[in-house]
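Me: I should like to work through the structure shown below, one point at a time. Please give the reasoning before each result.

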Amino acid sequence: MEMTYEERLKLMHQLCQAQSAGYASEAQAVAAFANVDVEDSVHYLASFLTFKAIQAADRHPADELQNDFDMLGVYQCFGLMAYAFLFMPLTQEGHQPDYDRAQVTIGKTLFDGLAPEMLAEIIESGFHKFKLIAEADSEHWQEYRENLDKVTISYMIATTDDDSPHSAEEVLPLFGQLLSQLCEAFTAD
């Protein structure tokens, strides 16, 4: 049976959530799939992929909070870009992205426990970086956006399609590589 993009997103959400938290039963997972909102799925997945990218890149946000605070804005930017690429196909189905809500949700998920003032600064910094990259015409940033889009779609296929040529575990490190490139770009400034 062919799945719609929205169904695939919801399935990927449930599979990633099950990997992270686990479900007590298969019935719980099926019920969660049926009741999840697609926007909530995209928020969760953008945060999940950013968290996995941070791990794969061997980054240490707790240390950077003290020594390189601006790097947290880079992580926020990466999460917002993942959100944008995950959400983009949904616009063809009549959904509209809510970047304000996405920024706050991703920020609160990634940086849980930080003071509201710090969180607001990270969200603002991340959005500024996101806009710079989204509006950049240079070949470097165009290629970066294309690569992140391809890796995001590859991960979705690897996660939700049994016939995928790659496993999700094979694709996840690519997010870490892309995050490392983004960190380097904003370190060089």
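Me: How are α6 and α7 oriented to each other, roughly parallel, roughly perpendicular or oblique?
Reply: In this predicted model, the axes of α6 and α7 come within 10 Å and cross at roughly 125 degrees. Angles of 65 to 115 degrees would count as roughly perpendicular and those over 145 as roughly antiparallel. The angle falls in neither range, and α6 and α7 are therefore oblique.

Me: Is the crossing of α6 and α7 left-handed or right-handed, and which residues of α7 are met there by α6?
Reply: The crossing of α6 and α7 is right-handed. From α6, the residues involved are Tyr99, Gln103, Val104, Gly107 and Lys108. Their partners in α7 are Leu119, Ile123, Phe127 and Phe130.

Me: Which element gives the most residues to the largest nonpolar core?
Reply: This core has 54 residues, and those with the most contacts inside it are Leu9, Phe78, Leu86, Tyr155, Phe175 and Leu182. The elements that give two or more residues to it are α1, α3, α5, α6, α7, α8 and α9. With 14 residues, the element that gives the most is α5.

Me: Leaving aside neighbours within four places in sequence, which residues are in contact with Phe175?
Reply: Phe175 is among the residues with the most contacts inside the largest nonpolar core. Once its neighbours within four places in sequence are set aside, its contacts are Leu49, Ala53, Phe78, Leu148, Val151, Thr152 and Tyr155.

Me: How many residues apart are Asp40 and Arg101, whose side chains meet in a salt bridge?
Reply: The N to O distance of this salt bridge is 2.5 Å. Asp40 counts as partly exposed because its relative accessibility is 33%, and Arg101 likewise because its value is 35%. Asp40 lies in helix α3 and Arg101 in helix α6, so that the pair links distant parts of the chain, 61 residues apart.

Me: Is Glu64, which forms a salt bridge with Arg59, buried or exposed?
Reply: The closest N and O atoms of Glu64 and Arg59 are 2.6 Å apart. Arg59 is partly exposed, with a relative accessible area of 23%. The limit for a buried residue is under 20%; Glu64 has 10% relative accessibility and therefore counts as buried.

Me: In which helix do Lys10 and Glu6 both lie?
Reply: The side chains of Lys10 and Glu6 meet in a salt bridge at 3.8 Å, N to O, and both residues are buried. They are four residues apart, about one turn of the helix, and that helix is α1.

Terms used:
Residues numbered from 1 in each chain as written. Predicted model: local features only at pLDDT ≥ 70, side-chain atom pairs only at ≥ 80, totals over all residues. Heavy atoms only, no water. Core = buried A, V, L, I, M, F, W, Y, C linked by side-chain atoms within 4.5 Å. Buried < 20%, exposed > 50% of the residue type's maximum accessible area, 1.4 Å probe, protein only. Contact = heavy atoms within 4.5 Å. Salt bridge = Lys/Arg side-chain N within 4 Å of Asp/Glu carboxyl O. Axes fitted to C-alpha atoms, helices over the stretch in contact; angles between N-to-C directions. Parallel < 35°, antiparallel > 145°, perpendicular 65-115°, else oblique. Left-handed = near helix turned anticlockwise from the far one by under 90°.
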